[in-house]
Amino acid sequence: MRKIILQSTITEYNKPSDLNIEDRHLLSEALKATGNSYSPYSKFKVGAAALLSNGEIVTGSNQENASYPIGICAERVTLSAISAVHPKQKIISIAITFKSNMKWASPVSPCGICRQTILEYEQRQKKNIRIILRGDGGKIQIIETIKDILPLYFDKSVLGK
Ligand code: THU
């Protein structure tokens, strides 16, 4: 028998002014993107903004449906838009934040499906994607690769690719 201990690295900042100007701007674009969230069911408005290698920023927000499982998270809306419109660009960083009715200032944590999706994009572009997370205010967390929050991930290597 042996125990395997997994380790992740997350860097935490107290406030946006502690970030570099590029990350601060990306986070503010993610916050703006919450304004386009279509979330009449959860009222949980998630916004994402991704910085591409050509300097462009692509934003997205969660899009819900009366048939609840059809709803799409902000992260996947943003990544699909990038793949559809800017397929040649690499994603440098993605900032994710939310606005809600609750007083909840912990950083938003991408759901399992979004973590798996971000992993696919990282592997496809052969470059880590930095992830900048903030709640409705509060501290900011930066993760250098999705692998830090997706231990024991499933990927194409299992499929012999
Ligand atoms: N949501 C996201 O957009 N991103 C996440 O990382 C977590 C959850 C959305 C899905 C749904 O529209 C709402 O937040 C409540 O779960």
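This is a short tour of the structure above, one selection at a time. Keep in mind as you click around that the model is predicted.

**Stop 1: the ligand**

Start by selecting the ligand and showing what surrounds it. You should find Ser42, Phe44, Val46, Asn62, Glu64, Cys73, Ala74, Glu75, Ser109, Pro110 and Cys111 around it. Now look at the oxygen atoms of the ligand. An N or O atom in the side chain of Glu75 is 2.5 Å from a ligand oxygen. Ala74 takes part through its backbone instead, with an N or O atom 2.9 Å from an oxygen of the ligand. Asn62 uses its side chain, where a polar atom lies 2.9 Å from a ligand oxygen.

**Stop 2: Asn62 and its partner**

Stay on Asn62 for a moment. You'll find this residue in the loop between strand E3 (57–61) and H2. Is Asn62 buried or exposed? With a relative accessible area of 6%, Asn62 is buried, because the cut-off for that label is under 20%. Show its contacts, skipping residues up to four places away in sequence, and you get Ser37, Tyr38, Ser39, Phe44, Lys45, Val46, Ile72, Cys73 and Ala74. For a sense of how the chain folds back here, draw a line between the C-alpha atoms of Asn62 and Ala33: they are 29 residues apart along the chain and separated by 9.4 Å.

Which side chain makes a polar contact with the side chain of Asn62? That's Ser37, at 2.7 Å. Select Ser37 next, in the loop between H1 and E2. Ser37 counts as buried too, at 11% relative accessibility. Leaving out neighbours within four places in sequence, its contacts are Phe44, Lys45, Val46, Ser61, Asn62 and Gln63. Now try a line from the C-alpha atom of Ser37 to that of Ile92: these two are 55 residues apart along the chain, and the line spans 23 Å.

**Stop 3: the nonpolar core**

Time to go inside. In soluble globular proteins, nonpolar side chains tend to be buried together. The largest nonpolar core here has 23 residues, and Ile91, Ile94, Ile96 and Ile131 are the ones that touch the most other members. Which elements give two or more residues to this core? Colour strand E2 (45–52), helix H2 (74–85), strand E4 (91–99), helix H3 (112–125) and strand E5 (130–135), and you have them. There is also a second, separate core of 10 residues, with Leu27, Ala49, Ile140 and Ile142 among them.

Zoom in on Ile94. Beyond its neighbours within four places in sequence, Ile94 is in contact with Leu26, Ala48, Ala49, Ala50, Thr78, Leu79, Ile129, Arg130, Ile131 and Ile132.

**Stop 4: salt bridges**

Switch to charged side chains. How many salt bridges are there? The count comes to five, and we'll visit some of them.

Begin in helix H1 (residues 21–33), where Lys32 and Glu29 sit three residues apart, about one turn of the helix. Their side chains meet in a salt bridge of 2.8 Å, N to O. The two partners make a nice contrast: Lys32 is exposed, with a relative accessible area of 58%, while Glu29 counts as buried at 17%.

Next, select Asp136 and Lys99, whose side chains meet in a salt bridge of 3.4 Å, N to O. Asp136 is in the loop between E5 and E6 and Lys99 is in strand E4, so this pair ties together parts that are 37 residues apart in sequence. Asp136 is partly exposed at 23%, and Lys99 is partly exposed at 38%.

Then pick Arg130 and Glu144, which meet at 3.5 Å, N to O. Arg130 lies in strand E5 and Glu144 in the segment after E6, so parts 14 residues apart in sequence are tied together. Add Asp23 to your selection as well: salt bridges that share partners join Asp23, Arg130 and Glu144 into one network.

**Stop 5: a charge without a bridge**

Finish at Asp148, in the segment after strand E6 (137–143). Asp148 is buried yet has no salt bridge. The nearest side chain of opposite charge belongs to Lys147, 9.7 Å away. What can you find around Asp148 instead? Leaving aside neighbours within four places in sequence, Asp148 is in contact with Gln7, Ser8, Thr9 and Ile143. Zoom in on Thr9: its backbone nitrogen lies 3.4 Å from a polar atom of the Asp148 side chain.

Technical notes. Residues numbered from 1 in each chain as written. Predicted model: local features only at pLDDT ≥ 70, side-chain atom pairs only at ≥ 80, totals over all residues. Heavy atoms only, no water. Core = buried A, V, L, I, M, F, W, Y, C linked by side-chain atoms within 4.5 Å. Buried < 20%, exposed > 50% of the residue type's maximum accessible area, 1.4 Å probe, protein only. Helix = DSSP H or I, 4+ residues; strand = E, 2+ residues; numbered from the N terminus. Contact = heavy atoms within 4.5 Å. Lys, Arg positive; Asp, Glu negative; His and termini not counted. Salt bridge = Lys/Arg side-chain N within 4 Å of Asp/Glu carboxyl O. Polar contact = N/O pair within 3.5 Å; in protein donor to acceptor, adjacent residues only side chain to side chain. Near = heavy atom within 4 Å.
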